Amino acid sequence: MNHPEEQPVFERGTGNVYTDLGLDDADELFARSQLGFQVWKILKESDLKQREIAALLGIKQPEVSHLIEPEDVTANHLIQKYLVDCNQARLVYALLNP
């Protein structure tokens with residue numbers, strides 16, 4: 001059976017990867033990642049330690065650590081969600097195109 005070459009379908013992202021992946025609290029996760037990135041930049045560009053940044057921000061040092069490397073949204077979690085979505089898309093395609 002010959003199938004014409006199919007062109008890939010692309011979607012423009014929203015600018016918030018968490019929204020694009022359909023994660024709960026996407027806006028909060030995005031804001032947290034932006035804040036964490038800024039704290040990470042300060043750490044890398046200055047001689048400040050996490051405890052010193054914590055004092056400047058009025059938070060505890062473990063909270064600074066959590067901002068920089070959050071435990072609730074990891075790269076593995078995002079990759080797993082992406083792979084599940086891809087597998088679902090393949091299954092739907094296979095069912096619609098026997």
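A helix here is a DSSP run of type H or I with at least four residues, and a strand is an E run of at least two, both numbered from the N terminus. By that count, this predicted model has five helices and zero strands. Reading from the N terminus, the order of elements is α-α-α-α-α.

**The interior**

How much of the protein is buried? Of its 98 residues, 16% are buried. The largest nonpolar core has seven members: Val39, Leu43, Ile53, Ala54, Val64, Leu67 and Ile68. Three helices each give at least two residues to this core, namely H2, H3 (50-57) and H4 (61-68). Which of them supplies the largest share? That is H4, with three residues. As a general background, nonpolar side chains in soluble globular proteins tend to be buried together.

**A negative patch on the surface**

Now let us turn to the outside. Asp24, Asp25, Asp27 and Glu28 form a negative surface patch. Two of its members, Asp27 and Glu28, lie in helix H2, which spans residues 26-45. Asp25, on the other hand, sits in the loop between H1 and H2.

Are these side chains buried or exposed? A residue is called exposed when its relative accessible area is over 50%. Asp25 is exposed because its value is 54%. Glu28 counts as exposed because its relative accessibility is 54%, and Asp27 is exposed as well because its figure is 62%.

Asp25 has one more feature to look at in the backbone. Its phi is positive, at about 55°, although Asp25 is not a glycine. For context, most residues other than glycine have a negative phi.

**Where the chain comes back to Asp27**

Helix H1 covers residues 17-20 and includes Val17. Val17 counts as partly exposed because its relative accessibility is 42%, a value that falls between the 20% limit for buried and the 50% limit for exposed. Both Val17 and Asn16 can be paired with Asp27, and the table gives their C-alpha distances.

| Residue pair | Separation along the chain | C-alpha to C-alpha distance |
|---|---|---|
| Val17 and Asp27 | 10 residues | 9.8 Å |
| Asn16 and Asp27 | 11 residues | 7.7 Å |

If you have the structure open, Asp27 is a handy place to start: this residue belongs to H2, is part of the negative patch, and has its C-alpha 7.7 Å from that of Asn16. From there you can follow H2 to the core that it helps to build together with H3 and H4.

Methods: Residues are numbered from 1 along each chain as its sequence is written. This is a predicted model: local features need pLDDT of at least 70, side-chain atom pairs count only at pLDDT 80 or more; totals for chains, interfaces and linings use all residues. Side-chain values use heavy atoms; hydrogens and water are left out. Patches are made of residues with over 30% relative accessible area and no salt bridge: like charges are joined within 9 Å, nonpolar side chains (Val, Leu, Ile, Met, Phe, Trp, Tyr) within 5 Å. Accessible areas come from the Shrake-Rupley method with a 1.4 Å probe; for residues, only the protein chains shown count as cover. A salt bridge is a side-chain nitrogen of Lys or Arg within 4 Å of a carboxyl oxygen of Asp or Glu. Lys and Arg count as positive and Asp and Glu as negative; His and the chain ends are not counted. The place of a charge is taken as NZ of Lys, CZ of Arg, CG of Asp or CD of Glu. Buried means under 20% relative accessible area, exposed over 50%, partly exposed in between (1.4 Å probe, protein chains only). A nonpolar core is a set of buried Ala, Val, Leu, Ile, Met, Phe, Trp, Tyr and Cys residues joined through side-chain atoms within 4.5 Å.
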